[in-house]
Amino acid sequence: MTTQDPPPITVLVAEDEALIRMDLVELLGECGYRVVGQVSDGQAAVDQARALRPDVVFLDVAMPRRDGLSAAEEIVSEGLAPVVMVTAFSQRETVQRATAAGVLGYLVKPFTRADLTPAIEVAVARWQQMQALEEQISGLRERQDARDVVDRAKRVLELKLGVSEPEAFAWLRKAAMDRRVTLAEVAALVVSETP
């Protein structure tokens with residue numbers, strides 16, 4: 001039985017200075033990452049993040065057309081990828097703005113090859129944790145919504161049929177089994193048919 005190595009982490013690099021961008025791309029390649037795109041401004045970074053769906057986006061702060069912080073905010077808010085800022089700015093205000101934008105890594109230039117892997121691995125791991133939590137929250141909301149509609153349907157049936165709450169629930173459960181739909185679906189139908 002052979003085990004395959006996982007595919008390399010894909011990276012989009014947004015850096016307006018060509019030499020720095022080329023150095024960063026080379027360093028990333030040496031570390032085993034696959035650079036899937038290179039851009040020189042913040043708006044292009046957002047556009048390419050949407051198109052390429054990389055595993056992580058490296059953004060410089062100061063770029064033309066659109067700065068890296070506003071690009072990071074949009075990339076993160078759309079759930080496209082984790083962002084690592086790569087910048088010469090280490091001022092507290094810039095770091096706070098990056099944190100507020102949802103940035104998961106921050107490298108101050110000049111950095112070394114040894115700095116890249118921890119920044120990427122932590123950003124990707126945190127992103128995966130955040131995505132898993134969002135899925136759990138979404139599932140909880142869906143279950144709560146289903147419970148709410150079932151409760152409303154039980155009240156409708158109690159009034160309409162003059163039955164107890166357990167009898168209304170039993171009616172809903174039987175109707176769901178007979179129709180081969182979920183309890184929430186039959187409950188929504190009962191509620192929608194009530195004036």
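**Group meeting: Arg21 and the helix H5 contacts**

Okay, let's start with Arg21. Leaving out residues up to four places away in sequence, Arg21 touches Val13, Glu15, Asp16, Gln38, Val39 and Ser40. Before I go on, keep in mind that this is a predicted model.

So where does Arg21 sit? You'll find Arg21 in helix H1, which covers residues 18-30. And is Arg21 buried or exposed? Its relative accessible area is 15%, and the cut-off for buried is under 20%, so Arg21 counts as buried. One more thing on this residue: Asp60 is 39 residues away along the chain, and the two C-alpha atoms are separated by 9.6 Å.

Now for a contrast, look at Pro6. That one is in the segment before strand E1, residues 10-14. Pro6 has 66% relative accessibility, so we call it exposed. If you measure across from Pro6 to Ala168, you get 52 Å C-alpha to C-alpha, with their positions 162 residues apart in sequence. Hold on to Ala168, we'll meet it again.

Next up is helix H5, residues 113-161. With 49 residues at 1.5 Å a residue, H5 should span 72 Å, and its end C-alpha atoms are 72 Å apart, so the two figures agree. Just after H5 comes Gly162, with a positive phi of about 65°.

What does H5 pack against? Let's take helix H6 to begin with, residues 165-179. The H5 and H6 axes are 9 Å apart, at an angle of about 110°. That makes the two helices roughly perpendicular, and the crossing is right-handed. On the H5 side, the contact uses Val150, Ala153, Lys154, Leu157, Glu158 and Leu161. On the H6 side you have Glu165, Ala168, Phe169, Trp171 and Leu172, so there's our Ala168. By class, that contact has 8 nonpolar and 3 charged residues, with no polar ones.

Then there's helix H7, residues 183-192. Here the angle with H5 is about 50° and the axes are 8 Å apart, so this pair is oblique. The crossing of H5 and H7 is left-handed. H5 brings Ala146, Val149, Val150, Arg152, Ala153, Val156 and Leu157, while H7 brings Leu183, Ala184, Ala187, Ala188, Val190 and Val191. How many charged residues are in there? Just 1, alongside 12 nonpolar and no polar residues.

If you're looking at those H5 lists and wondering about the spacing, remember that an α-helix has 3.6 residues a turn, so residues three or four places apart point the same way.

That's my bit, thanks.

Conventions. Residues are numbered from 1 along each chain as its sequence is written. This is a predicted model: local features need pLDDT of at least 70, side-chain atom pairs count only at pLDDT 80 or more; totals for chains, interfaces and linings use all residues. Side-chain values use heavy atoms; hydrogens and water are left out. Axes are lines fitted to C-alpha atoms, for helices over the stretch in contact, and angles run from 0 to 180 degrees between N-to-C directions. Helices (H or I, at least four residues) and strands (E, at least two) are DSSP runs, numbered from the N terminus. Angles under 35 degrees count as roughly parallel, over 145 as roughly antiparallel, 65 to 115 as roughly perpendicular and the rest as oblique. A crossing is left-handed if the near helix is turned anticlockwise from the far one by less than a right angle, and right-handed if clockwise. Contact means heavy atoms within 4.5 Å. Ala, Val, Leu, Ile, Met, Phe, Trp, Tyr, Cys and Pro count as nonpolar, Asp, Glu, Lys and Arg as charged, and the others, Gly among them, as polar. The expected span of a helix is 1.5 Å times one less than its number of residues. Buried means under 20% relative accessible area, exposed over 50%, partly exposed in between (1.4 Å probe, protein chains only).
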